[in-house]
Amino acid sequence: MKQNFKNLLKSNFNWVTLFALVLFVGFVDPNFWRPSSMLILLGDIVPLFVMALGLTFAIYIGGIDLSAQSMANMITVIASVYLASLGMWIVPACILTGAVLGACSGIITTRFLVPSFISTLAIGMVCYSLAQWLSGNRALYMNAEKRDALFGWMLSSTGIIPNTIFVGAGVFIFVLVIERKFVLGRRLKAVGSAELAAAASGIKVARVKVLAFALSGGLAALAGVIFSIKLSGGAPSIANGFLLPAIVAVLVGGTPLTGGVGGVVNTLVGTMIVAVIRASMLYLEVDATHQQMVFGLILITAIVFTIDRSKLTIVK
Amino acid sequence: MLEFKNISKEFGPVKALSNINFRVEKGEIVGLVGENGAGKSTLMKIIFGAYQADSGTILIDGRQTRFTSPRDAMANGIGMVFQEQSLIGNLSIMENIFLGREHEFRKFGLLNFQKMESAAQQQLSKVGLKVDPRMQTFDLSFAQRQLVELAKVLTLEERTSRDLVILLDEPTSVLSEDEVELLFNLVNNLRSRAAFIFVSHRLDEVISISDRVYVLKDGEMVDEVSAQDADPAKIQSKMVGREIESGYYKQDERETYNEKETILSLKNVSKENSFESVSFDLHQSEVVCLVGTEGSGREAVLRCIFGMNNPDKGQIIYFQNDKIKIRSPFEAVNNGVGYMPRERKIEGIFASMNIAENITSSQMEKYSRYGFLHLTSEQDLARDWVDRLSIKTPSISTDCGRLSGGNQQKVVLAKWRSSGAELMMLDHPTRGLDIGAKQDVYSMIREMSASGVGLIVVPDTFEEAIGLAHTIFVMKDGACVKRFAPDKERVMPIDLVAAMT
Amino acid sequence: MLRNLKLQSVMPIIVLVVLVVFFTFLNPNFFSLRNFARIAIAASPFLMVTIGVTFIIIMGSIDLSMEGTVSLTAIAFCFCFLFFGGTLGSGGWIAIPVALLAGAIYGALNGFIHAKLLIPSFMSSLAMGFVGIGAAVLLTGGGIVRIDDDIFRSLLTYRIQGFPLMVYVAILFLIFGIIIQKFTVLGRNLYAIGGAEDLAAASGVPVLRTRVLAFSLAGFYYSLAGVLQVAKLGQAESVTGANLMFLSITAAVVGGVALWGAIGGVFNALIGVLIVAVINNGMVVIGLPDYLQDGVLGVLVIAAVILSTNRSNIRFVK
């Protein structure tokens with residue numbers, strides 16, 4: 001009986017952590033437990049959540065996407081510049097851009113055998129360059145009317161639920177369906193959990209990996225779009241401070257760096273944990289850059305506890 | 001001088017070694033032979049300290065000792081020249097010889113390369129190798145590298161006061177005849193400095209160089225002969241000599257195969273450093289077994305047929321259709337070729353996926369529409385096969401990692417059966433399975449053969465080959481050397497051993 | 001394969017020469033002592049970082065913590081300097097060994113977390129980098145720390161043969177790095193571990209110890225970069241180390257250090273740094289906006305890795 005309980009605890013470690021944190025923060029400030037404040041918190045974290053969902057795919061197949069942040073940055077600039085001319089089409093255009101660039105990272109990683117952290121870092125640099133160039137290296141503002149007309153609904157709430165949550169939920173359901181119900185999702189699972197067996201089953205491993213990076217890029221771009229709508233503008237460094245918590249969300253949620261287990265539901269829990277941590281730091285009045293430090297420490301701890309050592313024969 | 005008494009070693013329920021008695025005298029060359037799985041590598045690992053025996057004693061010059069690590073063994077004068085070489089390619093020869101011991105050449109914290117070079121020259125002269133010690137190791141030939149390894153092991157002379165015992169693990173498998181002769185001369189000349197334990201599958205070589213030969217079978221030392229009295233045939237019979245229970249391999253279920261339908265044809269297929277000029281045909285319903293030692297190239301041939309590797313020379317014709325070209329597993333699967341790899345846990349089964357997901361992993365298109373998976377038909381498929389093959393599982397959604405080895409193999413076979421593979425390759429399919437599971441696998445092989453599938457199997461034992469196969473090809477050192485037809489003639493394991501050694 | 005390697009080590013030098021010729025052709029002002037001095041000044045701190053990360057890459061690992069370490073040690077240096085009176089003469093010189101020690105310790109911590117806790121180096125060092133930046137902000141409260149000592153600034157202002165002192169300091173430590181690489185057991189062990197770690201371990205190479213030492217050495221070089229940056233700019237802040245991660249890895253790879261380890265060395269780092277510095281400077285001299293640089297470098301590093309990758313060596317790239 002005790003063993004069963006322990007096992008249950010272990011496999012749902014992320015939910016337990018979330019629950020414990022919510023309790024803890026609530027004790028410190030009971031206002032936190034009000035549904036409206038929790039919902040606002042969740043609404044705020046939607047862009048980060050979308051980025052983390054994308055990262056989940058890259059990490060799941062055993063890689064990493066360090067371009068996510070720069071991608072989102074670049075997209076905020078692109079969205080600001082082209083909203084007026086493209087209107088609604090800005091959304092698919094940006095997502096496509098992100099997916100194409102992500103696929104580039106994937107191709108460089110699989111075809112040319114460049115480790116993913118370098119290929120995504122380099123692509124990220126290219127994005128950063130483009131962002132700086134397009135924006136003239138300053139902050140831009142969106143065409144306010146267009147933005148209100150097309151996306152104003154996102155900024156308001158339905159009852160006490162901020163509308164961004166619906167956007168987040170929509171994206172979540174989309175990727176969940178891909179993960180569970182689509183051949184692509186199954187192939188990702190195969191490649192992530194046993195790459196050699198996947199190859200021996202005739203799965204085109206390289207192609208699956210490229211698609212994983214494309215998904216990651218596309219979702220990072222979508223995160224950028226959502227973020228720029230919220231801010232009604234964009235700038236080349238505006239989304240700095242996203243990458244680290246996004247990675248933490250994926251890892252703490254239960255998708256380890258080695259990949260193969262976890263998935264988007266885990267990232268949902270992980271993102272909520274990150275949201276609560278952020279809230280607690282706000283209450284403790286820790287400022288943004290210090291928060292980075294805290295997340296850095298959490299990251300190390302999360303990796304230590306989640307990494308699947310059996311998959312790593314030699315740690316380099 | 002070095003004596004092992006009553007050494008035993010178990011890995012879980014498997015008894016790798018039982019009551020081994022073994023000794024080496026100063027200046028002796030002792031040979032060790034045995035078929036795959038007899039326990040040679042376990043015994044070697046115990047000798048050089050990588051494993052510890054569960055029971056028994058090790059005596060050096062009459063005094064009891066224990067090695068807890070290779071370093072311990074080295075401190076006692078025991079060194080090993082590995083089959084898969086242990087030199088680091090991008091370092092120079094001298095750096096490799098003194099790897100881990102550079103502090104002997106340190107002055108004020110900096111390395112004195114002159115000193116290292118002359119010390120290296122000294123070591124190299126012991127083995128008669130005349131090369132520049134500053135050369136990078138990957139520029140050397142295999143034979144030269146082996147000599148450097150030997151020179152590295154001989155540095156033990158300067159490190160310990162004990163007499164040296166050097167283990168040579170399959171040293172000749174990659175050498176030419178001339179190089180083998182040179183090596184043997186060298187080893188003979190080095191008798192004054194060290195005793196040697198020579199492990200090899202090449203019986204004639206072992207007999208020619210050794211003073212005494214030990215024969216290992218099923219973890220036991222079954223014979224010890226002096227080289228003069230050694231009779232290869234007798235040794236071979238000691239190496240095998242197991243009773244084949246009739247019916248164990250379901251021989252009565254072995255039907256004749258269709259000699260007219262060739263489904264696979266290999267013509268002079270070669271792959272550098274793996275195998276050379278392999279040619280054979282496989283027919284519908286035929287079971288072919290490839291027999292040979294580790295390193296004879298059997299597994300590599302299978303992987304080439306499956307498209308995981310590509311041969312350098314030669315032709316592989318599938319289903320008599322030379323338009324079919326298989327250069328990747330994807331193409332193989334599409335053309336009805338299946339492969340059950342040796343490393344089940346890493347390459348065969350998806351441990352964190354359930355039965356349905358495993359079975360459909362090579363044929364997802366069939367169970368999906370427009371990319372959308374049809375989960376219910378997957379589940380039906382899984383249930384069907386669990387039934388058909390009596391796969392024991394707590395539920396249909398259990399992760400396959402939790403199943404026993406035998407049941408995992410069944411899942412893998414279900415995968416290929418359900419996809420309608422017509423050419424199946426099985427690499428050590430019964431490895432690590434208990435008797436009941438093994439029999440299940442044999443039944444499945446019979447069933448597949450009866451339904452027209454052509455199979456190529458790399459078996460675990462000779463008996464398995466003789467029991468299962470219609471045709472046996474013996475591979476030795478990368479070439480196909482002999483063909484047997486157990487369905488038509490009486491083949492004894494010893495015939496196979498003779499061809500292999 | 002050896003021939004390939006020989007070409008590989010000569011290739012970066014050829015690239016460097018071609019670049020210099022190219023930029024001079026477009027604008028003859030490029031080829032002047034003043035401009036070379038400018039390049040050398042820009043390159044000096046960055047060379048230190050690249051040498052540091054090269055040691056790690058040779059071993060087969062990666063270090064992404066340089067931005068945090070450089071900022072942190074630069075700030076530590078400034079605080080210490082000011083604490084001791086704000087001038088070299090009044091005891092401020094102590095700040096130099098203090099900063100270097102801080103870098104070495106931080107690097108050792110970085111290496112320890114990676115090697116002992118078995119976290120892949122890119123993750124642990126990335127996290128440590130973030131921690132470093134965060135600590136830097138913590139110490140400065142987000143502001144800037146200034147140094148006003150003329151003697152210290154003479155590293156930048158005092159020139160010999162047209163090149164400021166800091167360039168000579170950098171050259172000194174370049175030589176030091178080469179000595180470590182070629183003539184010490186540590187250097188040898190880096191290559192052994194990078195070449196075949198399991199074999200090295202089996203031969204008695206102390207892998208854990210070597211790893212920690214290597215990261216500590218890298219940290220030492222990062223702190224050198226930090227001190228030189230302060231000399232150059234006269235101040236330190238949390239963004240002192242900005243962009244160095246990408247630049248230094250690019251430089252190492254472009255210079256011929258193989259990402260998978262065991263190939264290349266400090267000299268390659270030097271060539272790579274010069275190539276990147278020449279490109280940066282050249283782009284300005286011919287009038288290109290500076291934000292294009294990152295994009296160009298991104299393309300460059302990918303090209304460099306692709307061209308240098310010996311595919312038969314690699315079994316798994318994640």
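This report covers confidence, nonpolar cores, the contact between chains B and C, and cysteines in a predicted model.

## Confidence

The model is predicted. Its scores are ipTM 0.82 and pTM 0.81.

Chain C has a mean pLDDT of 84. In that chain, 94% of residues reach 70 or more. Its elements range from helix α1 (residues 2-26), with the lowest mean pLDDT at 75, to helix α9 (residues 207-233), with the highest at 93. One stretch of chain C scores poorly: pLDDT stays under 50 over residues 311-318. For that stretch the model has 22 contacts beyond four places in sequence.

## Nonpolar cores

The largest nonpolar core has 216 residues. C:M48 and C:F152 have the most contacts inside this core. Domain 1 (2-240) and domain 3 (350-420) of chain B both contribute residues, so the core lies between them.

C:F152 shows what such a position looks like in detail. Leaving aside residues up to four places away in sequence, C:F152 touches C:F77, C:F81, C:L88, C:I147, C:V227, C:V230 and C:A231. Another core lies apart from the largest one. This other core has 130 residues, including B:F184, B:L203, B:V215 and B:A499.

## Where chain B meets chain C

On the chain B side, 20 residues are in contact with 20 residues of chain C. The area buried between the two chains is about 1600 Å². Carbon and sulfur atoms give 68% of that area.

Within chain B, three residues lose the most area to chain C: B:I88, B:N90 and B:L111. Together they account for 26% of what the chain B side buries.

## Cysteines

Over all chains, the structure holds zero disulfides. A disulfide is a covalent bond between the sulfur atoms of two cysteines. The cut-off used here is a pair of cysteine sulfur atoms within 2.5 Å. Two cysteines illustrate the absence.

The sulfur of B:C480 has its closest cysteine sulfur in B:C289, 13 Å away, which is too far for a bond. B:C480 counts as partly exposed, because its relative accessibility is 25%. For C:C80, the closest cysteine sulfur belongs to C:C78. The two sulfurs are 10 Å apart, again too far for a bond. C:C80 is buried, with a relative accessible area of 13%. So B:C480 is partly exposed, whereas C:C80 is buried.

Methods
Residues are numbered from 1 along each chain as its sequence is written. Chains are lettered from A and ligands numbered from 1 in the order in which they are written. This is a predicted model: local features need pLDDT of at least 70, side-chain atom pairs count only at pLDDT 80 or more; totals for chains, interfaces and linings use all residues. Side-chain values use heavy atoms; hydrogens and water are left out. Buried means under 20% relative accessible area, exposed over 50%, partly exposed in between (1.4 Å probe, protein chains only). pLDDT is the predictor's confidence in each residue, from 0 to 100. Helices (H or I, at least four residues) and strands (E, at least two) are DSSP runs, numbered from the N terminus. Contact means heavy atoms within 4.5 Å. A nonpolar core is a set of buried Ala, Val, Leu, Ile, Met, Phe, Trp, Tyr and Cys residues joined through side-chain atoms within 4.5 Å. Domain bounds come from an automatic or database domain assignment. Buried area is the accessible area (1.4 Å probe) that two parts lose on being put together, summed over both.
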